[in-house]
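Work through the exercises below with the model open. Try each task before reading its solution.

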Amino acid sequence: MKISPLAVLSCALFVFTFQVTVTDEANLPMMPYYAELIFDGKITDSMSFIIQSANFPIILTGDANNVTITNVSITTDCSVTGQVAECRCQQNYTWSGPVCTLYPQCCLNKTFCSISVSDDTPTCQPKKRVTVRGTFILPDTFTEDLNDINSAAYTALKQKVGDQLKIHFSDLNEFDCVKIISFRINSSTGNIIVEFVMLTNAPFTNKMLLHRMEDLSSSLNGSMMTVNITGIVEMTIKEGNGKTVKSEDRVVITCNLEDNTVKPKWFLSQKGESLEILPGNGVEFGSVGPIYSITILKASENWGGIYTCEFSQGSIKHKGVKTLRVALLPDYIVGVANPQFPDCRENGVIQVNSTCRIKKSNETYTVKWTNAISNLKDTEEVYTSSTTVNCADVADDITVMCSFENIMGQVKSQGINISIIKGDDNTCPKDGDWPLTKSGKVAVLQCADTEVGTRTLKCGESKWEESLEDCIDRKLYEVLQNALKLAEGLGNPKEVVSNLLADLAKIENTSTPISAAALNASLYVLTLITSASMKANTTFSGDVLIEYVARANCLLDPSLTTTWKESTNKASDFLQTIENFAKLAFANNGSFSKTFQNLELICSPILANNTIEIQSAHAPVKMNVKTNSSKATISTLTFFSLNSILPQNTMQGFGVNSKIQSITLVDAEPQGVEITFQLENETNSKYKMMCVYWDFKANDGKGGWSGEGCRWDRQDSNLATSSCVCDHLTSFSVLMSKFPISLPWLDEIGYVGVGVSICSLMLCLIIEFLVWNSVVKSNISHFRHTALVNISVSLLIADCCFLSASFQGGKGSKLCLPLAMAMHISFLVMFFWMLCQSIMLLHQMIFLFQQLRKKIYLSFSFALGYLGPICIVIGTYMVNPAKYHRKDSCWLMYEGGMKGSIFAFVLPVGIIVIINTFALVVVISKVMRPSVSEGDKADVKENVKSILKAVIILTPAFGLTWALGFLTMIFDLPETFGAKSVHYLFSIFNSLQGLLILITGCFTEKKVREALLKRVNSVYAPQSKSET
């Protein structure tokens, strides 16, 4: 038989405990036994020495069994004098619960306990009582009668399990008792879960407990679930162990468990809620050897409660528990007087009531008033006093003070200024709730009962100025307070963040407009969530990230743009907050995306070191990454309206021309990123583009755009998209210069040149009109001059349209499209008539004896020269009307590569230039042959040479001009020397087209010069004769 601790008592009384083993009864549990041993008080010291120095184990032989005593501990000693016994507990022992019930004087007197010798002897128990609460699963199926403690099944199972618990746990050091608490069902398997509690009077090691748990599980064919142990962990609160600490005191709580190899977890229980303590703004973690500690930087209401220090080793948890009480002070005091501005312009006595409103708490405050009498009814939140203002005696303003003193003598006060209105004072009249107010003063109103904060309105020179509201909904205030607790270190973000976001969503879904104060509070909640999660190294699933982004989406609504402007410099911080939270989310379950009204979220896992592509409708991303983690994730956030609230003018002369995209990587390194942005406004060669990122440190922390580490990929960009290549990650966008880049004198050269060209063409047409009858003598000369007139007219129309478009482009004019189509047709007509010239020359040289009739070549030329260009223009426009022309220049569109309506001009012109070149080669070879120059073909030969000369000069000149024009579109920015040269050459050559036609078509032709000279002489000849 095993007998647990035995207590022995003597006149010089010692109570001692000892471990007992009864042989041949190994299956019987040890039970506690108590006995009294009385001996002469004169041998107290000797008896103490004998007991404590005895050699154990001691074997006692009995008739039936042998008893082995394994250890002895003295617990209590008593000295008896007459009929009175004075008993004392030994070190590390204290009076037991029954003793305190029977003899209250024992527990009140910490030194000794006096009793009558006829009474039962009081006994002491160890101060460190160990409580073990555990659960284990039995293989049996749970039945409903186990819910009834009076049922036979319940009684039988309790007896069976209880006996096994006693057998396996009773040999622990100073085992006291074990008790079955309840049986309940395992919801997943339907088996029986047993809950029990065990008490011992001495600590034990995990190894000792684990050995017995394994034996118990084997005996019952079950499995142990959890074991929670209290009483072994040593826990202290240095600044307030069992006492109340002052508000904002620094408090250190320590925790120690012998033979421990793991760090503890810390918990704080308040109002039935248990919060895990993690690194935060309000707490610091530390350790010195086996002693772990947390330091509360400023004690407050958030930090008062029951602290638990928990060491977990497998299924065994050791817990230490301590209570911290904090004397509170009000978080805020809102003081308001009524009336705020007593009107003493007429003598009299005015009663002023002053009110101080605080947050409701459990603290009992002593409230004192200065310059007021607290004779009005108070509530838990509102305290009111009265002040009598005698207008005849008062000279200055009055300040009423309300002071709140806690139980530790700490005081927090709030002053309420009562400004007196006197005879010559200017005032602002009463306006709704706003009272009559003295000029230069600020009127204050408390917010509605459902809100927290104040409203203020300043009275200027007898005129109300702009009001300021600092009111937020009480529910939002509660969410903010919970977020502050989380940021301080109270609560596990993995468990708390989802609830905070859900509470925030409920508030945002109300119909109440979001004020600046509410916006700031919501922003602060999201910021606190991010900072707390980062400090605790918490990671989240995609669902939490989507919910977080949903809350950000609500705050980015365009209707709040004005409200954002009242929150100076908050947008940059908000962007950084969202970026940082995105770094905490993993796409463990595959890619996911969500498009909201104001932003788009795409999140994807990174499976290996390779190229990652994110397909976004607004800004596709291509990136090379390096990672060794299976959890590597890439997230992109595209903001649709963020630019309107970010600090403006951070890069002078440029404006944002795309969405803003934020890219984050988790557990991976970028090896270069390429983003293709859809541009908000199509670009052209006159505007400079920049790829930038948002630098949060720029402008003294206000943030700003920076181009460092990013470049614009001109080759992969076009009018509608812009490609950016960067060597780092953050938030990116594309900037476009607000004003076109202009070269010195380029516009002036163009305007003067086009003017010269127009004048030359008009002069050419006038000359043709004057000499037409004199020079048109044959079919070929008729064709030559007809072609010259049509070329001149078409180029004249094109130049006039070009000049008009220079003043229409970029202004959104309805004339832009007609001008673009007119120029397109006119320039094509010019080249098609040049083609007609080449075809006619080719026919003349190949078919020498078959002259074209006038009707045939005129019909052919007009059909080809006009119908061809018109069909090309209409067809091009019909294919894609939206992409036909550029509104900034009223000309055809180039989209990069071989894309754009400009090729409906370039390709026909290129083909015509090639055909004309071929025709020139053939015609020149024929002209050089003698047969062409013989006979009566002198006139034909002369006209052919004239046409040939025009084609030889105009074809390469015009072809080169428009080749340069096409290059000005490819060289989108005139920044390099080559690009500048192309722009200048195009402007010069473009201005020479009309002049070249005048020279080649009129001034270099002998017959034209002679006819013109003859016409001039005929005008001046009569005048000279009459004068003679």
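**Exercise 1. Trace the aromatic cluster.**
Task: find which residues ring pairs link into a cluster with Phe 136.

Solution. Ring pairs link Phe 136 with Phe 169 and Phe 196 in a cluster. Rings of Phe, Tyr and Trp (its six-membered ring) pair if their centres lie within 6.5 Å; planes under 30 degrees apart are stacked, over 60 edge-to-face, and the rest tilted. The whole structure holds 17 aromatic pairs. One of them joins Phe 136 and Phe 196: tilted, 6.0 Å centre to centre, with 50 degrees between the planes. Phe 136 sits in strand S11 (residues 130-141) and Phe 196 in strand S13 (residues 191-200), so the pair ties together parts 60 residues apart in sequence. Both Phe 136 and Phe 196 are buried. Buried means under 20% relative accessible area, exposed over 50%, partly exposed in between (1.4 Å probe, protein chains only).

Before going on, note the ground rules. This is a predicted model: local features need pLDDT of at least 70, side-chain atom pairs count only at pLDDT 80 or more, and totals for chains, interfaces and linings use all residues. Residues are numbered from 1 along each chain as its sequence is written, and side-chain values use heavy atoms, leaving out hydrogens and water.

**Exercise 2. Place S13 among its partners.**
Task: establish how many bridges join S11 to S13, then examine the pairing of S12 with S13.

Solution. Helices (H or I, at least four residues) and strands (E, at least two) are DSSP runs, numbered from the N terminus. Two strands pair if DSSP finds at least two bridges between them. S11 and S13 run antiparallel and share 10 bridges. Here Leu 138 has Ile 192 in S13 as its bridge partner. Strand S12 (residues 175-185) also pairs with S13 in the antiparallel sense, over 9 bridges. Cys 177 is matched with Leu 199 in S13. S12 and S13 form a hairpin with 5 residues between them. In the turn, Gly 190 has a positive phi of about 85 degrees. Now check the cover: 8 of the 10 residues of S13 are buried.

**Exercise 3. Order a sheet.**
Task: which strands are the edge strands of the open sheet with S28?

Solution. The sheet has 3 strands in the order S26-S28-S29, paired antiparallel. Its edges are strand S26 (366-370) and strand S29 (411-418), each pairing on one side only. From one strand to the next, the twist averages 15 degrees. Strand S28 (residues 398-405) pairs with S29 over 8 bridges. Within this pairing, Cys 402 stands opposite Gln 414.

**Exercise 4. Assess Ala 532.**
Task: is Ala 532 buried or exposed, and what does Ala 532 touch?

Solution. Start with its place: helix H8 (residues 516-535). Ala 532 has 3% relative accessibility, so it counts as buried. Contact means heavy atoms within 4.5 Å. Leaving out residues up to four places away in sequence, Ala 532 touches Leu 486, Ala 487 and Pro 493. The C-alpha atoms of Ala 532 and Gly 280 are 6.3 Å apart, although 252 residues separate them along the chain.

**Exercise 5. Step back.**
Task: how many helices and strands are in the protein, and what share of its residues is buried?

Solution. The protein has 19 helices and 51 strands. Of its 1028 residues, 48% are buried. Among contacts with a separation of 6 or more, 69% join residues 24 or more positions apart.

Definitions and conventions: Axes are lines fitted to C-alpha atoms, for helices over the stretch in contact, and angles run from 0 to 180 degrees between N-to-C directions.
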